[in-house]
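Visitor: I would like to go through the labels attached to this structure and see what stands behind each of them.

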Amino acid sequence: MSPPFDLLVIGDANPDVVVGPLPDTLAFGQREQLVPYGRLVLGGSAAIAACGAARLGLRVAFAGRVGADAAGAFVRQALAERGVDTGALTVDPELPTPLTTVLTRGADRAILTAPGTLPATGPYDVPERLLAGARHVHAASFFLLPRLARALPELFRAARAGGATTSLDTNDDPDGRWDARLLAPVLRHTDVLLPNAAEARALAAALTTTGADGGTGGGPRTEDGLAATAALLAGHGPLVAVKNGAEGALAHDGTRTWHTAPVPVEPLDAVGAGDSFDAGFLAAVLRGEDTARALEIAAACGALSTRAHGGTAAQPDWPEAVGAAARPPAPSPAGADPGPDPGPGDPDAPHHPKQPHHPKQRNDR
Ligand SMILES: Nc1ncnc2c1ncn2[C@@H]1O[C@H](COP(=O)(O)OP(=O)(O)OP(=O)(O)O)[C@@H](O)[C@H]1O
Ligand SMILES: [Mg+2]
């Protein structure tokens with residue numbers, strides 16, 4: 001029997017107050033500055049990814065923690081309106097819901113987050129029935145959720161033991177510590193790692209300076225350097241899909257590299273592009289697409305999400321994502337040709353995530 005959910009997303013959910021674009025500088029001294037735009041939208045990497053996946057047609061459950069306040073009620077309603085199951089959204093009786101203010105300035109943004117319930121979010125917020133009842137488990141905002149992060153190796157191990165695949169988008173580390181001792185054990189149980197380029201470099205550097213690799217960490221800031229960084233991360237276990245903003249994205253499985261060119265858009269707001277990319281990659285893999293195609297569809301989802309302010313307003317549905325991703329894959333640099341994806345039946349396939357042949361993965365959606 002098919003598990004009740006295609007995807008369980010674990011992590012952060014909060015209101016984002018998006019205001020901007022900011023004039024040149026942010027003025028203090030109790031000055032009031034007017035900006036043309038302000039909206040209250042659903043934020044949090046995990047919440048945006050969950051909504052993106054639901055929009056793409058997956059059956060999605062969310063596990064996380066909010067406060068007993070208006071912000072928490074807003075989060076619950078926003079998730080539910082987008083078709084995400086909120087039965088495992090715990091209400092903390094004491095701590096407030098996290099709140100984020102996003103100040104935009106051109107393509108850039110400053111992000112201020114009051115963590116509220118995030119540090120209190122832990123493994124007890126992830127019901128066993130959901131871990132055992134999803135085809136795939138995705139965790140986001142690793143470094144914002146230290147208690148959950150410490151338990152994630154065990155949660156992912158249990159999910160895999162139940163037949164699910166797993167993925168992780170660490171997002172940024174506000175402390176800049178990129179604690180490899182926290183990260184390395186999780187990667188051993190992670191099928192797909194989904195950092196952006198800067199995060200990939202930071203993660204690789206952290207894993208390297210602990211002596212695990214003996215290499216030079218992040219590598220040069222070129223496309224080849226980024227592929228080398230992804231390869232280094234893939235050496236810790238997962239398939240690595242690296243998001244690179246307007247440059248597109250690449251993936252590495254430790255042996256082969258895949259590149260995808262950006263889908264052309266007039267970006268209005270890049271908030272949540274990475275989370276929408278995650279949703280697209282996971283939806284494609286869970287629908288049985290190979291890595292090359294999943295990367296293209298993910299890049300389309302990321303690009304299309306930038307058409308509106310906030311993380312979820314412009315997320316595409318499946319036909320729109322597939323249509324936007326319809327171009328042939330960009331050629332890989334000489335010597336890096338990934339060749340055809342090994343597909344489900346190839347016994348010599350490298351340690352690829354248990355892709356279409358995974359017992360809980362259905363190809364019929
Ligand atoms: N300006 C753009 N043009 C085309 N595609 C884009 C653009 N911005 C983002 N994308 C697509 O979306 C993907 C994810 O974007 P990005 O690299 O900004 O992720 P991120 O930094 O993780 O974002 P987030 O703020 O959600 O964490 C990119 O890899 C790319 O495919
Ligand atoms: Mg991101």
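The dialogue below takes the labels one by one, for a model that is predicted.

Visitor: Why is helix 1 called largely enclosed?

Guide: A residue is buried if 20 or more other C-beta atoms lie within 10 Å of its own. In helix 1, residues 45-55, 11 of the 11 residues are buried, so the helix is largely enclosed by the rest of the structure. Among them are S45, I48, C51 and R55.

Visitor: What comes just after helix 1?

Guide: G57, with a positive phi of about 100°.

Visitor: What makes helix 1 and helix 8 oblique to each other?

Guide: Their axes come within 8 Å and cross at roughly 45°. Angles under 35 degrees count as roughly parallel, and 65 to 115 as roughly perpendicular. The value of roughly 45° falls in neither range, nor is it over 145, so the pair is oblique. The crossing is right-handed.

Visitor: Which residues make that contact?

Guide: Helix 1 contributes S45, I48, A49, G52 and A53. From helix 8 come D275, S276, D278, A279, G280, L282 and A283. By class, the contact of helix 1 with helix 8 has 6 nonpolar, 4 polar and 2 charged residues.

Visitor: How do you know that helix 4 and helix 5 deserve the label roughly parallel?

Guide: The axes of helix 4 (residues 146-161) and helix 5 (residues 180-187) cross at roughly 10°. That angle is under 35 degrees, so the two helices count as roughly parallel. Their axes come within 8 Å.

Visitor: Which residues of helix 4 and helix 5 are in contact, and how do they divide by class?

Guide: On helix 4 they are A149, R150, L152, P153 and F156. On helix 5 they are L182, P185 and V186. The contact of helix 4 with helix 5 has 7 nonpolar, no polar and 1 charged residues. Arg counts as charged, so the charged residue is R150.

Visitor: What surrounds ligand 1?

Guide: A shell of 23 residues, of which the closest are N196, K243, G274, G302 and A303. A residue belongs to the shell if its C-beta atom lies within 6 Å of the ligand. By class, the shell around ligand 1 has 12 nonpolar, 9 polar and 2 charged residues.

Visitor: Which helices supply at least two residues of the shell around ligand 1?

Guide: Helix 8 (273-286) and helix 9 (291-305) each do. Helix 8 gives the most, with 4 residues. Helix 8 is also the partner of helix 1 in the right-handed crossing described above.

Note on methods: Residues are numbered from 1 along each chain as its sequence is written. Chains are lettered from A and ligands numbered from 1 in the order in which they are written. This is a predicted model: local features need pLDDT of at least 70, side-chain atom pairs count only at pLDDT 80 or more; totals for chains, interfaces and linings use all residues. A residue is buried if 20 or more other C-beta atoms lie within 10 Å of its own, exposed if 12 or fewer, and partly exposed in between; C-beta atoms are placed from the backbone. Axes are lines fitted to C-alpha atoms, for helices over the stretch in contact, and angles run from 0 to 180 degrees between N-to-C directions. A crossing is left-handed if the near helix is turned anticlockwise from the far one by less than a right angle, and right-handed if clockwise. Two residues are in contact if their C-beta atoms, placed from the backbone, lie within 7 Å.
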